[in-house]
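Me: I would like to go through this model and ask, for each label attached to it, what value stands behind the label. Please set the value against the cut-off each time and then conclude.

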Amino acid sequence: MKVTVISQNGEEHDVSGSPGEKLMEMIRDAGLQIAAQCGGCCSCATCHVHVANEWIDKLPPATADEEALLDLVDDLQPVSRLSCQIIMAPEYDGLKVKLASGTEL
């Protein structure tokens, strides 16, 4: 499955992954600049992304833990999510996200 990731400088990158993989892992494994300091444990917000408007309602809602961490980010938007909490599924093929500011390595 493919996801389009827009980096902090506006460049588009197509990254590939498999069902069951965390979006954060796909981004990291593609070599893009994402800190992901906690390694995907939902205990930081350094994998913050903005999900494209047309995709946000297709994802499961954020958990209370994810929402609490998102409250700490500087660039919070209605489409903000933690990429470690987006578990890829076939129906997310074509997903588009932008890396939020503050997530750089």
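Me: Which residues does His 50 touch, once those up to four places away in sequence are set aside?

Reply: In this predicted model, His 50 touches Asp 75, Gln 77, Val 79, Ser 80, Lys 96, Val 97, Lys 98 and Ala 100, where residues up to four places away in sequence are not counted. His 50 itself is found in strand S3.

Me: Why is His 50 called buried?

Reply: The label buried requires a relative accessible area under 20%. His 50 has a relative accessible area of 8%, so it is buried.

Me: What makes the approach of the His 50 side chain to Asp 75 a polar contact?

Reply: A polar atom of the His 50 side chain lies 3.0 Å from the backbone oxygen of Asp 75, and the cut-off for such a pair of N or O atoms is within 3.5 Å, with one atom able to donate a hydrogen and the other to accept it.

Me: Leu 76 is a residue I would also like to place; why is Leu 76 called partly exposed?

Reply: Partly exposed is the class between under 20% and over 50% relative accessible area. Leu 76 has 44% relative accessibility and therefore counts as partly exposed. Leu 76 is placed in the loop between H3 and S4, and its C-alpha atom is separated by 8.6 Å from that of His 50, although the two residues are 26 apart along the chain. Leu 76 touches His 48, Leu 70 and Asp 71, again without residues up to four places away in sequence.

Me: How do you know that S3 and S5 pair, and in which sense do they do so?

Reply: Pairing requires at least two bridges between the strands. S3 and S5 have 3 bridges and pair in the antiparallel sense, with Val 49 standing opposite Leu 99 in S5. S5 is also joined to S1 by 3 bridges, and these two strands run parallel, with Val 5 opposite Val 97.

Me: What makes the side chains along S5 alternate?

Reply: Val 97 and Leu 99 point to one face of S5 and are buried, while Lys 96 and Lys 98 point to the other face and are not buried.

Me: What joins S1 to S2, and which residue in their turn has a positive phi?

Reply: S1 and strand S2 (residues 12–16) are joined by 5 bridges and run antiparallel, where the requirement for pairing is at least two. The bridge partner of Val 5 in S2 is His 13. The two strands form a hairpin with 5 residues between them, and Gly 10 in the turn has a positive phi of about 95 degrees.

Me: Why is Thr 4 called buried?

Reply: Thr 4, found in strand S1, has a relative accessible area of 12%, so it is buried by the cut-off of under 20%. Its side chain makes a polar contact with the side chain of Asp 14 at 3.1 Å, where the limit is within 3.5 Å. Among the residues that Thr 4 touches are Glu 12, His 13 and Lys 96.

Me: Which residues have the most contacts inside the largest nonpolar core?

Reply: They are Leu 23, Val 51 and Leu 95, in a core of 32 residues. At least two residues of this core are supplied by each of S1, H1, S3, H2, H3 and S5, and the largest share, 4 residues, comes from H1. Leu 23 touches Val 3, Ser 83, Ile 86, Met 88, Leu 95 and Val 97, not counting residues up to four places away in sequence.

Me: What makes the phi values of Ala 36 and Cys 42 worth a remark?

Reply: Most residues other than glycine have a negative phi. Ala 36, however, has a positive phi near 45 degrees, and Cys 42 has a positive phi of about 60 degrees. Ala 36 lies in the loop between H1 and S3, as does Cys 42. With the cut-off for buried at under 20%, Ala 36 counts as buried at 11%, and Cys 42 is buried at 16%.

Me: How much space lies in the largest pocket, and which residues lie nearest its centre?

Reply: About 180 Å³ of space lies in the largest pocket. Its lining has 13 residues, of which Ile 56, Ala 62, Pro 78, Ser 80 and Arg 81 lie nearest the centre, and the elements that give two or more residues to the lining are H3 and strand S4.

Methods: Residues numbered from 1 in each chain as written. Predicted model: local features only at pLDDT ≥ 70, side-chain atom pairs only at ≥ 80, totals over all residues. Heavy atoms only, no water. Core = buried A, V, L, I, M, F, W, Y, C linked by side-chain atoms within 4.5 Å. Buried < 20%, exposed > 50% of the residue type's maximum accessible area, 1.4 Å probe, protein only. Contact = heavy atoms within 4.5 Å. 1 Å grid on protein atoms, 1.4 Å probe; cavity = no way out; pocket = protein on both sides within 12 Å on 5 of 7 lines; lining within 4 Å. Points joined across faces, edges and corners; volume = space filled by probe spheres on them.
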